[in-house]
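Student: I have a model open and want to go through some strands and cysteines. Can you help me with that?
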Amino acid sequence: MQDRQEQISQVVVTAGQMRDIEKRIFAAGMPVVALMEKVAGLIARRIQALISSPVKKSRIGILVGPGHNGGDALVVARELHFCGYEVWIYSPFSKLKELTSQHLQYAQSLGIPVYQTVAQLPNSDFLIDGLFGFGLERTLTDPIALEINQLNELSVPIISIDLPSGLHTDTGEVLGTAIRATHTFCLGLWKLAFLQDQALNYLGKAELIDFDIPLAEVQAVLGDTPKIKRITRAIALSTLPLPRPPVTHKYKEGHLLLICGSRRYAGGAILTGLGARASGVGMLSIAVPESLKPLLVSHLPEALIVGCPETETGAIAHLQLPENTDLSSFNAIACGPGLTRDATPIVQEVLQSDAPLLLDADGLNILAQMGTIPTLKKRQALTVLTPHTGEFQRLFPDIADAKDRVLAVREAAAQSGAVILLKGARTAIANPQGAVWINPESTPALARGGSGDVLTGLLSGLLAQAATKQITVENIVATAAWWHSQAGILAAQERTELGVDAFTLTQYLMKALT
């Protein structure tokens with residue numbers, strides 16, 4: 001049972017894929033009416049658990065649309081009515097699907113009042129949104145758009161069924177207007193909108209209502225390996241390079257070279273190094289301008305700090321690695337945080353190496369100036385790019401305006417041949433073969449300077465270890481994104497969202513795994 005639940009929790013579907021899965025279920029003999037009863041029963045029980053009060057039964061308004069989402073809502077209305085809640089129905093549509101119309105007729109026979117306009121609605125403690133389900137593509141216009149805006153202004157908690165009405169199922173785009181839910185029950189399988197940044201202000205707290213879709217039906221539509229996956233705790237922990245073998249040594253646990261920092265941005269080198277330290281990498285070398293060497297030694301005494309000649313502006317002028325060491329000696333290289341654009345020759349040099357390479361911050365800005373696609377096409381080794389939205393726009397100006405972040409990151413990976421980690425509230429990762437991983441949880445506490453430097457160190461340290469253990473690179477990138485966000489979430493719980501500076505974040509990385 002746990003294995004199935006874990007697999008289901010990773011699956012993400014588009015509207016078209018969900019339709020195909022449902023068609024297979026119905027073709028196999030599951031009656032639509034039976035599935036509606038099952039799903040609505042699960043929803044009704046969860047609603048009662050959410051709104052239960054020892055003092056009184058809540059008054060609940062049910063918003064009913066013309067399709068089967070409205071039918072689900074009507075069954076919920078009936079069940080809550082039978083449980084003693086005061087229920088009323090808002091049904092503004094003149095034409096309903098046959099099954100939905102039958103449920104409305106029965107609800108009226110039970111004496112549940114029905115209203116056609118928001119102006120008529122009595123007060124309520126909660127609203128249940130069943131206006132539109134998955135698959136909505138048209139822009140909502142008046143009068144329903146106006147009514148939705150009025151519902152949002154009621155300042156009443158809204159629980160949406162499957163998806164807040166008015167959101168595009170795949171992109172999370174607001175189609176004119178949309179319900180601003182405080183809680184959303186996603187039905188059966190996670191829809192892509194739940195993992196798109198632009199939908200997050202409308203979803204509230206989201207949870208999956210698993211109504212036992214057979215895995216065989218999911219696999220028949222998506223294949224054995226779905227192209228889009230949610231990163232779960234179980235899959236992230238299973239990807240970590242643990243346990244270590246009883247007999248090992250530091251170079252078997254990965255040797256990482258960080259190239260970062262400048263006189264102006266010394267903190268970037270420190271934070272990146274602290275992130276790498278937390279990864280457990282066996283050997284850590286950090287190349288910085290010579291003037292920063294004492295500072296780095298004081299913060300990271302276990303690392304080999306390589307002082308390099310510097311420019312007049314305090315950037316690294318050229319790499320000066322230890323004798324008998326070259327870039328091919330390292331299992332991974334990370335380059336960029338705090339570097340400044342005066343270090344362009346350094347980025348050019350590492351791009352010509354045959355070591356796995358992670359570029360971030362100024363490493364990305366320099367790459368964009370060089371020409372992202374033609375430069376990366378020349379590389380034979382693995383490249384990982386970790387841009388935020390602004391850096392992504394500079395790297396891939398032809399696709400940066402895409403409303404669908406998942407589509408954008410997938411296209412960028414295909415064009416560049418790199419693994420792309422696009423930072424955001426829902427960080428998306430894609431490989432050149434079109435597979436996408438999405439981090440389903442994060443916190444705005446991470447919107448702080450230096451947070452990305454910590455991720456660069458953590459991720460590159462894991463990459464160096466993955467190179468020695470034959471761990472799939474894309475999985476390790478996804479694991480780093482998950483680990484970084486979980487540390488932020490834990491820190492915010494203990495310190496509030498205002499109390500998670502980048503240095504503090506590094507202190508929660510190990511706590512997040514326990």
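Student: Is strand β3 largely enclosed or open, and why?
Tutor: This is a predicted model, so read the answers that way. Strand β3, residues 86-90, is largely enclosed by the rest of the structure, because four of its five residues are buried.

Student: In which sense do β2 and β3 pair, and over how many bridges?
Tutor: Parallel, over five bridges; β2 covers residues 59-64. One of the partners to look at is E86 in β3, which is bridged to R59. Between β2 and β3 the chain runs through helix α4, residues 68-82, and that β-α-β crossover is right-handed.

Student: And which residues make up β4, how does it pair with β3?
Tutor: Strand β4 is residues 114-115, and its pairing with β3 is parallel, with two bridges. There, V114 of β4 stands opposite I89. The connection from β3 to β4 goes through helix α5, residues 98-109, and this β-α-β crossover is right-handed.

Student: Switching to cysteines. How many disulfides does the structure hold?
Tutor: Zero.

Student: What is the nearest cysteine sulfur to C260, and how far away is it?
Tutor: It belongs to C335, 8.3 Å away, and C260 is in no disulfide. The cut-off for a disulfide is a sulfur pair within 2.5 Å.

Student: Is C260 buried or exposed?
Tutor: C260 is buried, because its relative accessibility is 1% and the cut-off for buried is under 20%.

Student: What about C83, how accessible is that one?
Tutor: C83 has a relative accessible area of 35%, so it counts as partly exposed.

Methods: Residues are numbered from 1 along each chain as its sequence is written. This is a predicted model: local features need pLDDT of at least 70, side-chain atom pairs count only at pLDDT 80 or more; totals for chains, interfaces and linings use all residues. Side-chain values use heavy atoms; hydrogens and water are left out. Buried means under 20% relative accessible area, exposed over 50%, partly exposed in between (1.4 Å probe, protein chains only). Two strands pair if DSSP finds at least two bridges between them. A crossover is right-handed if, with the strands pointing away from the viewer, the path from the first strand over the helix to the second runs clockwise.
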